[in-house]
Amino acid sequence: MSLTNAGGLPECRILAIETSCDETAAAVVADGRHILSNRVASQIELHRRFGGVYPEVASRQHVLAIQTVVEDALADASVAHVRELDAIAVTHGPGLAGSLLVGVNLAKGLAFASGLPLVPVNHLEGHVYSNWLYADSSSVSDSPGPGESNGSAGGSASDSARRQGSGSASEQFPALILIVSGGHTELVLMEGHCRYRLLGATLDDAAGEAFDKVARLLELGYPGGPAIQAAAESGDASRFHLPRPLTRPGRRTERQPDAQASSLPTILPVRGEHRFNFSFSGLKTAVLNLMRQLEREGTEVRQTQTAADIAAAFQMAVVDVLVGKTADAAAEFGVKQVCICGGVSANGLLRRAAERHFARIGLPLHCPPLFLCTDNAAMIGAAAYYRRSFLQSRQHASMGQRHGQDGEAVAQSTPHDRPIEPSGRDFLDLDVYASLPLVDSMQR
Ligand code: KG4
Ligand code: ZN
């Protein structure tokens with residue numbers, strides 16, 4: 001294995017650990033871009049009977065799985081001992097506190113024992129950097145969880161599909177990032193590495209949460225996103241019309257999702273403060289009301305063609321809103337590239353609609369390959385590399401400032417604004433943050 005990168009610099013290899021929700025994951029990532037190994041033990045089968053993630057069960061399963069997952073990730077990357085690496089990275093929020101604790105405590109122990117620096121990573125920043133990873137690695141594999149063989153979206157993607165993606169993001173800024181996961185829906189303007197401005201976020205449910213809740217209403221199975229997508233394939237999206245929250249009707253323009261991807265009336269974001277915000281709770285209620293109305297009329301809804309039609313209409317409504325607002329923000333802020341990330345970015349309709357729109361207007365669009373859309377540790381290793389570089393350059397800038405030179409002023413975005421070095425007591429201070437924001441305050 002090469003110990004230098006393209007620039008002739010020593011290769012920086014980071015062991016990353018991710019346990020923020022229901023995936024126990026570990027990876028070794030080189031120079032923030034190359035996946036040397038990527039292990040994911042999914043807990044989907046364990047939580048299926050609850051119809052959602054059961055936090056106490058999740059944290060206990062992390063305890064059982066984490067050691068094997070980390071050992072496998074090291075072995076896949078041909079790392080004989082942690083000391084051969086350059087840093088340990090771990091997700092410290094946002095997420096389930098009991099789940100985060102398992103990864104954070106193991107990472108603290110490994111860093112303390114090996115003398116390596118510990119890099120705490122924001123889970124959302126991890127999703128952002130899933131778009132910077134090259135997906136050409138041959139050492140990508142999954143650790144079987146209970147009854148589950150891999151951590152890819154829907155658990156059924158073929159190897160080639162798992163590797164498919166729109167290529168890695170470039171160094172072109174500003175970039176527009178749409179984060180769509182089970183817990184978050186955010187439109188973020190990325191002004192440079194690790195520098196973010198929040199443009200909008202969901203006011204209630206996240207997009208993935210809405211997929212999960214609607215799948216539950218329709219009894220389509222768990223997890224809801226892949227289940228809705230599968231049902232929608234045989235559904236007719238035009239049979240029912242569902243609302244597009246926080247949008248207004250608009251003429252079809254270059255900014256709008258493609259006509260073939262969206263057969264329904266085109267939309268524009270509402271004017272004013274909610275222009276780039278989202279709301280999916282009302283859409284879920286609209287599905288519930290539709291189901292009740294159909295049942296009153298004597299129509300069997302669950303697990304029928306009607307369920308497939310509702311799933312297709314719901315998916316189309318979510319995609320219309322996500323692509324419409326992303327397209328509008330991209331035009332407004334004159335961004336140089338657009339990245340979509342988080343579990344919902346595995347959605348086929350969302351990817352196709354976004355690809356059509358941005359290809360037509362000639363703006364580079366990046367979606368991670370499917371195996372990097374849902375939670376994984378490779379994205380944490382990528383984010384750790386860029387954050388560590390960012391914090392080190394900021395430290396140098398502030399030292400320069402103290403010596404009377406110009407230093408760059410940047411917004412702080414995590415509780416830890418410097419790498420944690422092994423000698424300090426910082427190890428003991430590193431805590432978990434169940435609701436750690438990516439960006440502290442909303443600026444427009
Ligand atoms: O990013 P992620 O793995 O975990 C969080 O950080 O929340 O996202 C999980 C979410 C779930 O809500 C799941 O239903 C959704 O991503 N998801 C999808 C698809 N695959 C996963 N939603 C729509 N379509 C999919 N194909
Ligand atoms: Zn996630």
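A helix here is a DSSP run of H or I with at least four residues, and a strand is a run of E with at least two; both are numbered from the N terminus. With that in hand, here is a friendly tour of the structure, which is a predicted model.

1. Let us begin with the sheet that holds strand 1. Five strands make up this open sheet, in the order 3-2-1-4-5, and their pairing is mixed. At its edges stand strand 3 (34-42) and strand 5 (118-122), each of which pairs on one side only. From one strand to the next, the twist averages 20 degrees. If you want to find your way inside the sheet, look for strand 1 (residues 13-18) and strand 4 (residues 87-93): they run parallel and are joined by four bridges. A handy landmark is Ile-17, whose bridge partner in strand 4 is Val-90.

2. Two helices can be placed against this sheet. Helix 3 (residues 97-114) packs on it and touches strand 1, strand 4 and strand 5, with a direction that makes about 155 degrees with that of strand 4. Helix 2 (residues 55-76) lies across strand 1, strand 2 (23-30) and strand 3, and runs at about 20 degrees to strand 2.

3. Now for the other sheet. This one is also open and mixed in its pairing, with five strands in the order 8-7-6-11-12. Strand 8 (195-201) and strand 12 (365-366) each have a single partner strand, so one side of each is left without a neighbour in the sheet. Strand 6 (residues 175-180) pairs with strand 11 (residues 337-341) in the parallel sense, over five bridges. Here the landmark is Ile-177, which stands opposite Cys-339 in strand 11.

4. Helix 9 is worth following next. Helix 9 (residues 305-333) lies across strand 6, strand 7 (185-192), strand 8 and strand 11, and runs at about 160 degrees to strand 6. Helix 9 also meets helix 10 (residues 348-361): their axes come within 10 Å and cross at roughly 35 degrees. That crossing is right-handed. On the helix 9 side, the residues in contact include Val-319, Leu-322 and Val-323, while helix 10 brings, among others, Leu-349, Leu-350 and His-357. Counted by class, this contact has eight nonpolar and three polar residues, and no charged ones.

5. What surrounds ligand 1? Its shell holds 21 residues, and the closest are Gly-182, Gly-208, Gly-225, Gly-343 and Asn-347. By class, the shell divides into twelve polar, seven nonpolar and two charged residues. Which helix gives the most to the shell? That is helix 7, with four residues. Helix 6 (207-217) and helix 7 (224-232) each supply at least two residues. Ligand 1 lies between domain 1 (13-163 + 375-429) and domain 2 (175-367), because both give residues to the shell.

6. The two helices just named also pack against each other. The axes of helix 6 and helix 7 are 7 Å apart, and the helices pack at an angle of about 65 degrees. Their crossing is left-handed. Gly-208 in helix 6 and Gly-225 in helix 7 are among the residues of this contact, and both are also among the closest to ligand 1. Others in the contact include Phe-211, Asp-212 and Lys-213 from helix 6, and Ala-227 and Ile-228 from helix 7. The class count for this contact is five nonpolar, three polar and three charged residues.

7. Finally, some details of the backbone deserve a look. Most residues other than glycine have a negative phi, and most peptide bonds are trans. Against that background, the peptide bond from Gly-93 to Pro-94 is cis, with omega near -10 degrees. Pro-94 sits in the loop between strand 4 and helix 3. Another cis peptide bond joins Phe-173 and Pro-174, with omega about 5 degrees. Where is Pro-174 placed? It belongs to the loop between helix 5 (159-163) and strand 6. As for phi, Asp-31 has a positive value, near 50 degrees, although it is a residue other than glycine. Asp-31 lies in the loop between strand 2 and strand 3.

Notes. Residues numbered from 1 in each chain as written. Chains lettered and ligands numbered in written order. Predicted model: local features only at pLDDT ≥ 70, side-chain atom pairs only at ≥ 80, totals over all residues. Pairing = 2+ DSSP bridges. Contact = placed C-beta atoms within 7 Å. Axes fitted to C-alpha atoms, helices over the stretch in contact; angles between N-to-C directions. Left-handed = near helix turned anticlockwise from the far one by under 90°. Nonpolar A, V, L, I, M, F, W, Y, C, P; charged D, E, K, R; others polar. Near = placed C-beta within 6 Å. Domains from an automatic or database assignment.
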